[in-house]
Structures are given as C-alpha cells and as structure tokens.
Amino acid sequence: MLRVAFSPTLLDSKKWADMPTLHATWALGFRPFYLLASGFAALSIPLWALQVAGVLPFGYLTIPAWHGHEMLAGFALAVVAGFLFTAVPNWTGKPTPKGRALAAIALLWLAARLLMLGPWPVAAAVANVLFPVAVAVGIGIPLAQSRNRRNYFFVVMLLLLAVAILAVHLALRGVIDWPARASLQVGLDIVLFIIAVVGGRVIPMFTNNGVPGAQATRTPWVERLSLGGVLALLAADVVAIQGPALAVLLVAVGIAHAARLALWHPARALRAPLVWVLHAAYAWIPIHLALRAAAALGWVSDTAAIHALTVGVIGAMTLGMMTRTARGHSGLPLQAGKAEVAAYALVLVAAVVRVFGPMLPGTYAASIALSSVCWSAAFAIYFVRYWPMLTRPRLDGRPG
C-alpha cells in the first residue's frame, strides 16, 4: 500500500475545512478556552450595555459588580486556563486535561457564566470558585509529577484567584465585611502578576525570534524589582493601603516595568505585528500603575486605572497571545494577517478611548460606546477568524 506522509503542503484550505472536528476541539486546552474567551468578550459588553439600558434584567449581580466579576472570572480566567493547559505539557512533558476532562472543565466555566445571569447566588458562587480550582488541579498534577517547581506558583495564583472570587460573593451576600471591589482589585493584581511573569518569559524570546537583530534582553535586578513590585502591590491591596504610601509604591513599580520594557527594544518590533502587539500591551502596565498612583492621590478617577489594566493590558495581551499560540499549536505560520492587525488596532483603540476619553468634558457616554464597539469587534474578528483553526486538527498532523 502506498503511504503518503501527512504534511501541511498536502493540505489546502478546502481539505482542512473537510477535516473532522468532533475530537479536535478537546485535544488541547487552548482550543475550547480561546473560543469561549473570545466569544464571551465579544458578547458580554453588549449584554452589559443592554442590562444597564434596562432592556435585559440583571441576574445575581447588578451595577457594576456583574461587569467587573465577569471580566475577571469569565474572560481573563478563560484565557489563563487555555494558556496554562497548553503551556504546561511543554514545560513538563506531561498531559493536562483533554477530551472529556477538558470538556467537563469548559462546561463548568459555561455553567458559571449562565448562573451569573439568574437568581442563584449560591450555585453561581460555587461554580465560579470551583473553576480556578479545577484549572489549578489540571496543571498541578503534571507539575507535581515532573517536579517542575519553577512553575508551582501558577497553582498558588489560581487558588488565590479562587479565594478572591469567593470573597466577592461573600461580600455581596453580606457574609463578610469586606468591599467586593477590593476583592476584584486583588484578583486583577493576581492576573497582572501572571501576565508579568509570562510576558517576561516570552516577549523577549518572541522579539528575538521574530525580529532579527532586536537584541531584547533581561536583567536580573530589573526582573526582581518588576515582579516583586507586583507582589508588593498585591500585598498592599490585601491590607488596603491607600493614599500617598500606595502612590509611592505604584510609581516605583511602574518605573521598574518601564525599564523592563525598554530592555526589550519595542521600537524594533514595529514591523512584526505578532510581536509589537505584545509590546503595546505590556506598555499599558506602567500606564496603569501611573494612573493608579494618580487615582490614589485623588487626581484622576480610579476607573481610568482599572480600564488601563483590563482593556489595555489584559485585552491586548490576551489577544496577542491567543493569536500566536493558536497559530503555533495549529501548525500554521507565525504571521499576522490583515484580520489580526485589525483586531490588535481595535483593542488598543478601545483602551485609549475608554481610559482617556472620559477625561474630556461631555464625552463620557460617547467614549464608553466607542470603546465597547471596538472591544467587541476585536474579539469577534478573532472568534470568526480562528474558529476553523481551533476546531480542526493541526495541519502538520501532530497531536494537540
């Protein structure tokens, strides 16, 4: 019998479209969770707008708790889950959940989203707390089996996220005397730390691989200051430090992250969209920290700082990482086309408009509307563009 080796060169787009999809979606964690995250990101902002306008009723949480909770526990955590379920096998040589186990965790995430829309506070709290715990177990087993101590902290961060989410629900139910918004801020600090760690590992590497002569470097003392600074900020938010003391810490951490970014030579990455979007996203970290410092001194609204993190850092970084890792793990060239560049531009415009637009007199409503449209369009482009890649087997025939 004549055997033909499986090769990307033998597969045109039509043949790829005809490939079976039943099991491919559950072959590796990035596939379902990148779809869920991008779809939810595109739909949740219009859903929020309809709730605020009174067209749709609120569920368990109302203004503005649902929006903040779902951007953290829904969108951000879905991307974190997809990334870690995909990266940990590379780090350890051990599998993370796939097949039915992966589908069950995805269904838990979906159940948590649906329960948040109804009057079921206990069930919603349980589902939302269990999801990061399930992800922690899913990556913790292979990390422990391989004794990959370097990455144990990801398990700790996920469990801390579960605690922060639980605190949100307990505070809103009046069980504990602790502001729900403070718990959301702690959760955002944890996500910021995860992004800072992952960004520090991959952005210099991607820059040097994708931009010849870029010479992106890492300096140990800058690494320690930038990452340690985020942990110090997390601790400060846990004990509720406010005012000038918090502002001084924020400025110091912001300077460390600006220095870290400078060592990666972002200007040299402008000709590589898959790389510059990561630099642009990381640049929002010192902007976020500067705005938080200004807010701590009462100079600007704290919502500007929050959205610099959620839209600028988390939105742009997750979009860039979902693009690169999806293409890499689908056996596709690491190149961004017009659709990807449009999505990057839209999410960055969404960040600029949402953060700085409301600072201009009489522009609040228009800024919110424009930013929301740009955000939803960016993730809708990703969802449509990457659906075929995420639901069909790799072009090169490798598992995953």
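Let me start with the lining of the largest cavity, which by class has 12 nonpolar and two polar residues and no charged ones. This is a predicted model, so please take everything I say as computed from it. About 200 Å³ of space lies in that cavity, and of the 14 residues that line it, V79, V80, I194, I195 and T318 lie nearest its centre. Three elements give two or more residues each to this lining, namely α3, which runs over 65-92, α7, over 180-210, and α11, over 302-329.

The structure holds two cavities of 30 Å³ or more, and the second largest of them has a volume of about 40 Å³. Its lining is made up of L319, T323, A339, E340, A343, Y344, I381, Y382, R385 and Y386. Here the elements that contribute two or more residues are α11, α12 (338-356) and α13 (364-390). Sorted by class, the residues around this second cavity divide into seven nonpolar, one polar and two charged, whereas the lining of the largest cavity, as I said, has no charged residues.

Now to the open spaces, and in particular to the second largest pocket, whose volume is about 380 Å³. Of the 17 residues lining this pocket, N90, V202, M205, F206 and T325 are the closest to its centre. Which elements give two or more residues to the lining of this pocket? They are α3, α7 and α11, and these are also the elements that give two or more residues to the lining of the largest cavity. By class, the pocket lining has eight nonpolar, six polar and three charged residues.

Let me turn from the empty space to the packing. The largest nonpolar core has 120 residues, and those that touch the most other members are F33, F75, I139, L319, W375 and F379. The element that gives the most to this core is α7, with 16 residues. L319, which I have just named among those core residues, also appears in the lining of the second largest cavity.

W375 deserves a moment of its own. If we leave aside its neighbours within four places in sequence, W375 is in contact with A41, I45, M71, F75, T310, V311, G315, V347 and A350, and F75 is another of the residues that touch the most other members of the core.

One of those partners, T310, has its place in helix α11. Is T310 buried or exposed? With a relative accessible area of 15%, T310 counts as buried, because buried means under 20%. Beyond its neighbours within four places in sequence, T310 is in contact with L188, G315 and W375, and G315 is thus in the contact lists of both T310 and W375.

Finally, the chain as a whole. Its secondary structure comes to 13 helices and zero strands. Its C-alpha atoms fill a box of roughly 75 × 50 × 45 Å, taken along the principal axes. For 400 residues, a compact globule would have a radius of gyration near 21 Å, and the chain has 21 Å, so the two agree. Of those 400 residues, buried ones make up 54%. Among contacts between residues at least 6 apart in sequence, 77% join residues that are at least 24 apart.

Methods
Residues numbered from 1 in each chain as written. Predicted model: local features only at pLDDT ≥ 70, side-chain atom pairs only at ≥ 80, totals over all residues. Heavy atoms only, no water. 1 Å grid on protein atoms, 1.4 Å probe; cavity = no way out; pocket = protein on both sides within 12 Å on 5 of 7 lines; lining within 4 Å. Points joined across faces, edges and corners; volume = space filled by probe spheres on them. Helix = DSSP H or I, 4+ residues; strand = E, 2+ residues; numbered from the N terminus. Nonpolar A, V, L, I, M, F, W, Y, C, P; charged D, E, K, R; others polar. Core = buried A, V, L, I, M, F, W, Y, C linked by side-chain atoms within 4.5 Å. Buried < 20%, exposed > 50% of the residue type's maximum accessible area, 1.4 Å probe, protein only. Contact = heavy atoms within 4.5 Å. Rg over C-alpha atoms; globule rule 2.2 N^0.38 Å.
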